[in-house]
Amino acid sequence: MQPSSSQALPHLVRLKDGTEVLIRKAEPEDFRILYLMFNSFSAETMFRRFLMSNTRLEAGDVQEMLRLEDTNVTSLIAVLHSDGKEQAVGEARYVTDSAGRVAEAAVVIADHLQNRGLGTVLFSDLIAEGRRQGLKTMFAYFDVDNKAIIRVGQKVGFKLAPVEGRPDYSMIKAEIGL
Ligand SMILES: CC(C)(COP(=O)(O)OP(=O)(O)OC[C@H]1O[C@@H](n2cnc3c(N)ncnc32)[C@H](O)[C@@H]1OP(=O)(O)O)[C@@H](O)C(=O)NCCC(=O)NCCS
């Protein structure tokens with residue numbers, strides 16, 4: 001598996017443990033599988049992604065968080081197929097500014113599939129999609145203690161710098177020119 005990916009979507013990825021996952025663009029109809037995924041997160045994953053400590057989310061909360069109908073939102077999802085059903089196991093997204101040139105990105109992988117290379121591929125695909133859509137810059141904020149996302153950010157080409165004005169340097173701004 002390549003650390004960076006620019007394959008056209010949808011495409012299959014074979015993870016380090018052999019699991020095959022499909023990466024594709026999310027559609028509004030994916031709400032249910034994403035809702036189930038969000039409600040499967042450990043407290044740590046939930047906090048790292050959404051800075052929230054609750055692990056039970058109402059459908060309305062998830063709807064608001066996902067905003068799948070919003071044209072400023074581009075969402076890619078990773079799905080497993082078994083018994084003819086789809087299970088969402090990851091989501092990466094960016095939200096563009098009004099001019100459509102700069103976007104803020106974020107990514108999350110279901111707990112049981114973390115550390116198998118999926119976050120790296122999904123974030124790479126997100127960057128490739130941003131390029132295809134004509135974005136100039138993508139950025140994201142990482143907690144300084146979040147070693148996994150810092151590593152992933154470095155692998156996919158983000159430049160990292162402490163957030164100015166934060167004396168404790170607890171946040172890192174990651175930025176990539178596309
Ligand atoms: C961050 C996250 C998306 C990464 O996805 P993932 O599929 O686990 O990432 P990958 O397996 O592709 O890569 C993880 C890398 O971090 C490294 N890593 C993981 N934990 C680490 C730690 N504690 N210290 C150092 N490196 C660590 C892994 O070794 C791997 O690097 P390598 O490929 O060079 O060995 C996933 O852990 C997650 O969803 N976390 C919770 C939500 C979150 O933090 N989102 C980011 C904020 S937007």
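This is a guided tour of a predicted model, going from the sheet to the helix α4, the ligand shell and a few backbone oddities.

**The sheet**

Start by selecting the strands. Eight of them form an open sheet, in the order β1-β2-β3-β4-β5-β6-β8-β7, with mixed pairing. β1 and β7 are the edge strands; each has a single partner strand, so one side of each is left without a neighbour in the sheet. From one strand to the next the twist averages 30°. If backbone hydrogen bonds are switched on in the viewer, keep in mind that strands of a sheet pair through them, either parallel or antiparallel.

**From the β1 edge inwards**

Select residues 11-14 (β1) and residues 20-25 (β2), which are antiparallel and joined by four bridges. To find the register, pick Val 13: its bridge partner in β2 is Val 21. The hairpin of these two strands has five residues between them, and there Gly 18 takes a positive phi near 95°.

Next add residues 73-82, strand β3, which pairs with β2 in the antiparallel sense over four bridges. Here Val 79 of β3 stands opposite Leu 22.

Move on to β4, residues 85-96. Seven bridges join β4 to β5, and the two run antiparallel. Thr 96 has Ala 103 in β5 as its bridge partner. The hairpin of β4 and β5 also has a glycine to look at: Gly 100, with a positive phi near 75°, in a connection with five residues between the strands.

**The parallel pair and its crossover**

Now select β5 with β6. Their pairing is parallel, over three bridges. Val 102 is matched with Thr 137 in β6. Add α4 to the selection: β5, α4 and β6 make a right-handed β-α-β unit.

**Towards the β7 edge**

On the other side of β6 in the strand order comes β8. Select residues 171-177 for β8, which pairs with β6 in the antiparallel sense over seven bridges. Ala 140 has Ala 174 as its bridge partner in β8. Then add residues 159-162, strand β7, which is antiparallel to β8 over four bridges. For this pair, look at Ala 161, whose bridge partner in β8 is Lys 173.

**Helix α4**

Isolate residues 118-132. How far apart are the end C-alpha atoms of α4? They are 21 Å apart; at 1.5 Å a residue, the 15 residues should span 21 Å, so the two values agree.

Colour the helix by burial next. α4 is mostly covered, with twelve of its 15 residues buried. Among them are Leu 118, Val 121, Phe 123, Asp 125 and Glu 129. Past the helix, stop at Gly 134, where phi is positive, near 85°.

For a contrast, go to Leu 36 in helix α1, residues 31-38. Leu 36 counts as partly exposed because it has 13 C-beta neighbours inside 10 Å, whereas 20 or more would make it buried. A distance drawn from the C-alpha atom of Leu 36 to that of Ile 127 reads 26 Å, for residues 91 apart along the chain.

**Around the ligand**

Select the ligand and its shell. Which residues come nearest? Of the 22 residues around the ligand, they are Arg 48, Gly 119, Thr 120, Lys 147 and Arg 151. α2, β5, α4, β6 and α5 each supply at least two residues of the shell. α5 gives the most, with five residues. Coloured by type, the shell divides into ten nonpolar, seven polar and five charged residues.

**Backbone oddities**

Most residues other than glycine have a negative phi, and most peptide bonds are trans. The last stops depart from this pattern.

- Leu 9 to Pro 10: this peptide bond is cis, with omega near -5°. Pro 10 is found in the segment before β1.
- Leu 51: phi is positive, about 55°, although this is not a glycine. Leu 51 lies in the loop between α2 and α3, and counts as exposed because it has 9 C-beta neighbours inside 10 Å.
- Arg 67: phi is near 45°, again positive in a residue other than glycine. Arg 67 sits in the loop between α3 and β3, and is partly exposed, with 14 other C-beta atoms within 10 Å.

How values were computed. Residues numbered from 1 in each chain as written. Predicted model: local features only at pLDDT ≥ 70, side-chain atom pairs only at ≥ 80, totals over all residues. Expected span 1.5 Å × (residues − 1). Near = placed C-beta within 6 Å. Nonpolar A, V, L, I, M, F, W, Y, C, P; charged D, E, K, R; others polar. Pairing = 2+ DSSP bridges. Axes fitted to C-alpha atoms, helices over the stretch in contact; angles between N-to-C directions. Right-handed = clockwise from strand over helix to strand, strands pointing away.
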